[in-house]
Amino acid sequence: MRVLIDGRPVAAEDAAISVFDWGLQRGDGLFEVVRSYGGRIYALDAHLDRLEEGARKLALPLPAREDLAAWLTAVAADGGDCRVRLVVTRGGALPDIDAPGRCIVAWEHMSEPADGLRVFPLEAPWHSGGVEWDLTGAKTISYAPNMSATRHAEAAGFDDALLISRDGWILEGPTWTVGWFVDGVLETPEMSLGILASVTRMEVLKTAADIGLTVVEGRWDLSRLDSAAEVVAMSTLKEVSPVVAVGERTFSPGEGTSQLARAFSARVAASL
Ligand SMILES: Cc1ncc(COP(=O)(O)O)c(C=O)c1O
C-alpha cells in the first residue's frame with residue numbers, strides 16, 4: 001500500500017499516469033504533503049480543507065473527501081514514520097485520448113532534517129507578494145520557480161532560498177514559512193503577502209497562544225533581521241526548525257526556538 005492511484009494499490013515501480021495528463025504537461029493540478037507519525041497523520045483535516053479550497057479556485061474535480069481521507073490514512077498506516085504526498089491532476093484534454101484526472105497518494109521516506117538551515121535571500125518576481133489574485137493559497141503543482149530558487153541558493157552554497165517580494169518584503173521559503181524572535185516576540189510575514197496558508201504556521205500560532213508567546217504578523221524587509229535573535233523555518237516536514245544563517249546574517253538557536261519546537265511537538269503528540 002505504498003502507492004494508490006484513484007484508490008487502487010499499484011506497485012511503486014509500476015505507478016504511472018498518462019503522458020497526456022495536463023498535470024505533467026502544464027503543472028495543472030494540486031498537491032498536499034502530510035506528515036505521518038508512526039502511521040498517524042497530523043492535521044489531516046486542515047490539509048484537506050486547503051486542498052478543497054484550492055480545487056474550488058482551480059475548478060479542479062476532486063474525489064470525495066472521505067475517499068481522500070481513507071486513502072491517505074491507509075497509506076500513512078503502511079509507511080509509519082513518513083511523509084505522504086497527495087497529487088490530484090487535471091487529466092488530458094485531447095479528443096482522441098481518454099486521460100482522466102488522477103489522484104495519487106504515496107508515502108515517501110523522511111529525509112534527514114537539516115541541523116540548522118542556512119538560507120539565501122532571493123527575489124521572487126513570480127510570487128504575488130501581496131498583489132491580490134484569485135489563486136492565492138492554491139497549492140498547485142506548478143512549483144518549478146520555487147524549486148529553481150532552491151537550486152540557486154544551493155549553487156550559492158546555502159541549503160535553501162528565502163523568497164523576497166519585488167517590494168522587498170520577506171515572504172517565505174520555497175516550501176516553508178519563516179518566523180523570527182525580536183525581544184521574545186515571534187514575528188512572521190502576514191497572510192496578505194500572498195504566502196501559502198501553511199498548516200504548520202496555523203498550528204504554531206495556536207501553540208504560541210497556548211504557551212503565552214506573543215506573535216505579530218506583518219510586513220518587514222530583510223533589515224528587520226538585524227534586530228532578530230533567532231530565526232525559524234516552519235512546515236509539515238521541518239516542524240519548527242532553526243535557521244542559522246540568512247545570507248551574511250548568522251543566528252544561534254536559543255530558548256525561543258527550543259521552547260516553541262517543544263510545545264509544537266507536544267501539540268502534535270497530543271493530537272495523534
Ligand atoms: C511555499 C510554501 N510555504 C509554506 C509551506 C509550509 O506549509 P505546511 O505547513 O502546510 O507544510 C509550504 C509547504 O509545502 C510551501 O510550499
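**Two domains, a helix pair and a ligand shell**

In this predicted model, the C-alpha centres of domain 1 and domain 2 are 26 Å apart.

Colleague: Happy to look at this with you! What makes up the contact, on each side?

Modeller: Domain 1 brings 21 residues to the contact and domain 2 brings 16 residues. On the domain 1 side, β3 (29-37), α2 and β5 (82-89) each supply at least two residues. The largest share there, 8 residues, is from β3. By class, that side of domain 1 has 10 nonpolar, 5 polar and 6 charged residues.

Colleague: Now the helices. How are α2 and α3 placed, by angle and axis distance?

Modeller: Helix α2 (residues 44-58) packs on helix α3 (residues 65-79) at about 135 degrees, and their axes are 11 Å apart.

Colleague: Why is α2 called oblique to α3?

Modeller: Angles of 65 to 115 degrees count as roughly perpendicular and those over 145 as roughly antiparallel. The angle here is about 135 degrees, so α2 is oblique to α3. Their crossing is right-handed.

Colleague: Which residues meet there?

Modeller: From α2 come Leu44, Leu48 and Glu52, which meet Arg65, Leu68, Ala69 and Leu72 of α3. That gives 5 nonpolar, no polar and 2 charged residues.

Colleague: And how do you know which residues surround the ligand?

Modeller: A residue counts if its C-beta atom, placed from the backbone, lies within 6 Å. The ligand's surroundings include Val33, Glu172, Trp176, Arg201 and Thr236. Helix α5 (residues 199-211) gives the most to this shell, 3 residues. By class, the shell has 4 nonpolar, 6 polar and 2 charged residues.

Terms used. Residues are numbered from 1 along each chain as its sequence is written. This is a predicted model: local features need pLDDT of at least 70, side-chain atom pairs count only at pLDDT 80 or more; totals for chains, interfaces and linings use all residues. Axes are lines fitted to C-alpha atoms, for helices over the stretch in contact, and angles run from 0 to 180 degrees between N-to-C directions. Helices (H or I, at least four residues) and strands (E, at least two) are DSSP runs, numbered from the N terminus. Angles under 35 degrees count as roughly parallel, over 145 as roughly antiparallel, 65 to 115 as roughly perpendicular and the rest as oblique. A crossing is left-handed if the near helix is turned anticlockwise from the far one by less than a right angle, and right-handed if clockwise. Two residues are in contact if their C-beta atoms, placed from the backbone, lie within 7 Å. Ala, Val, Leu, Ile, Met, Phe, Trp, Tyr, Cys and Pro count as nonpolar, Asp, Glu, Lys and Arg as charged, and the others, Gly among them, as polar. Domain bounds come from an automatic or database domain assignment.
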